[in-house]
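Please look over the sequence and the structure below before reading on. The paragraphs that follow lead through the structure one part at a time.

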Amino acid sequence: MSQPILMVDIDNTLADYTDALRDYIHETMDPDDYPCPDPVEYDMTLTDGWPFTGRPADYRWWHKRAVADGLYSKEQPYPHAVDTLKRLHDDGWWILIATSRRDDMRGDTIRWLNNNRIPHDGLYMGDKTLIQASVTLEDNPTTIRRLTDLGRYVIHPDHKYCRDEKYDSYHDWNQLPNLLEEEL
């Protein structure tokens, strides 16, 4: 049997992008004016309470500004994510960190992985449907559907915006080894 490959998305799968962006916004704007709640749709502009609600161009401006100010370096891994990935890696999984980020010109992603001691055997930035992984961890409903349409196995976090997607979901990273046990 060949070594299984676990492809892991970063933003809102491995690390909390929403909290990092919320914190960034609250550094400059009153939280009472913009509480920045957890998104109900993957497209964060469809959630009320953000300074860019209903305005995709404003979201892109906030995201670009936050990334330029180090957003990717400030994201925190979800609880138990690092230990779970270490365990899976020790159990024989090849860990491929995969992200759709196209705006990391300073190398914040690789530094973030190293600074947080995220075990990984590779980093891929691009279209995840081009990678044949044994299992993919992903939160983007469009990417989940594209992968499942290709017959790929996807496990997703139980964020409000992806709870209705196919396959298994997890609430806590500690659940993943049991979900992956059959794949080894």
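**A walk through the predicted model**

N12 is found in the loop between β1 and α1, and this residue is a useful place to begin in what is a predicted model. Most residues other than glycine have a negative phi. N12, although it is not a glycine, has a positive phi of about 60°. With a relative accessibility of 6%, N12 counts as buried, because the cut-off for that word is under 20% relative accessible area.

H80 also has a positive phi, here of about 75°, and is likewise not a glycine. This residue belongs to the loop between α3, which covers residues 71–74, and α4. H80 is partly exposed, with a relative accessible area of 38%. The backbone oxygen of H80 lies 2.7 Å from a polar atom of the side chain of T84, and T84 itself sits in helix α4, made of residues 81–90. At 3% relative accessibility, T84 counts as buried.

From these loops we can turn to the sheet. In which order do the 6 strands of the open sheet stand? The order is β3-β2-β1-β4-β5-β6, and the pairing is parallel. β3 and β6 (169–170) stand at the edges, where each has a single partner strand, so one side of each is left without a neighbour in the sheet.

Strand β5, residues 154–157, can be followed in some detail. On one hand, 2 bridges join strand β4 (residues 135–137) to β5, and these two strands run parallel; L137 has I155 in β5 as its bridge partner. On the other hand, β5 is joined to β6 by 2 bridges, again with the strands running parallel, and P157 stands opposite Y170 in β6. The side chains of β5 can also be sorted by direction, since V154 and H156 point one way from the strand while I155 and P157 point the other way, and all are buried.

At an edge of the sheet, strand β3 (residues 122–125) contains M125, a residue that counts as partly exposed at 36% relative accessibility. M125 forms a nonpolar patch on the surface with I110 and L123, and together the three residues have about 210 Å² of accessible area.

The charged side chains come next. Side chains of opposite charge can pair when their charged atoms come close. In this model the count comes to 10 salt bridges. One of these is between the side chains of D9 and K128, with a distance of 2.7 Å from N to O. This pair links distant parts of the chain, for D9 lies in the loop between β1 (5–8) and α1 (17–26) and K128 in the loop between β3 and β4, 119 residues apart. Are D9 and K128 buried or exposed? Both of them are buried.

K128 also forms a salt bridge with E138, in which the closest N and O atoms are 2.6 Å apart. Here too the pair links distant parts of the chain, with K128 in the loop between β3 and β4 and E138 in the loop between β4 and α6, 10 residues apart. K128 is buried, and E138 is buried as well. Taken together, D9, K128 and E138 are linked in a network of salt bridges.

Another salt bridge joins D127 and R146, whose closest N and O atoms are 3.3 Å apart. D127 lies in the loop between β3 and β4, and R146 in helix α6 (residues 141–149), so the pair ties together parts that are 19 residues apart in sequence. D127 is partly exposed, with a relative accessible area of 25%, and R146 is partly exposed too, at 39%.

Lastly, we can ask about the cysteines. A disulfide is a covalent bond between the sulfur atoms of two cysteines. How many disulfides does a search of the whole structure find? The search finds 0 disulfides. C36 is in no disulfide, and the nearest cysteine sulfur, that of C162, is 20 Å away. Because a disulfide needs the two sulfur atoms within 2.5 Å, that distance of 20 Å does not meet the cut-off. C36 is buried, with a relative accessible area of 0%, and C162 is buried with a relative accessible area of 0%.

Technical notes:
Residues are numbered from 1 along each chain as its sequence is written. This is a predicted model: local features need pLDDT of at least 70, side-chain atom pairs count only at pLDDT 80 or more; totals for chains, interfaces and linings use all residues. Side-chain values use heavy atoms; hydrogens and water are left out. Buried means under 20% relative accessible area, exposed over 50%, partly exposed in between (1.4 Å probe, protein chains only). Patches are made of residues with over 30% relative accessible area and no salt bridge: like charges are joined within 9 Å, nonpolar side chains (Val, Leu, Ile, Met, Phe, Trp, Tyr) within 5 Å. Accessible areas come from the Shrake-Rupley method with a 1.4 Å probe; for residues, only the protein chains shown count as cover. A salt bridge is a side-chain nitrogen of Lys or Arg within 4 Å of a carboxyl oxygen of Asp or Glu. Helices (H or I, at least four residues) and strands (E, at least two) are DSSP runs, numbered from the N terminus. Two strands pair if DSSP finds at least two bridges between them. A polar contact is a pair of N or O atoms within 3.5 Å; within protein, one must be able to donate a hydrogen and the other to accept it, and residues adjacent in sequence count only if both atoms are side-chain atoms.
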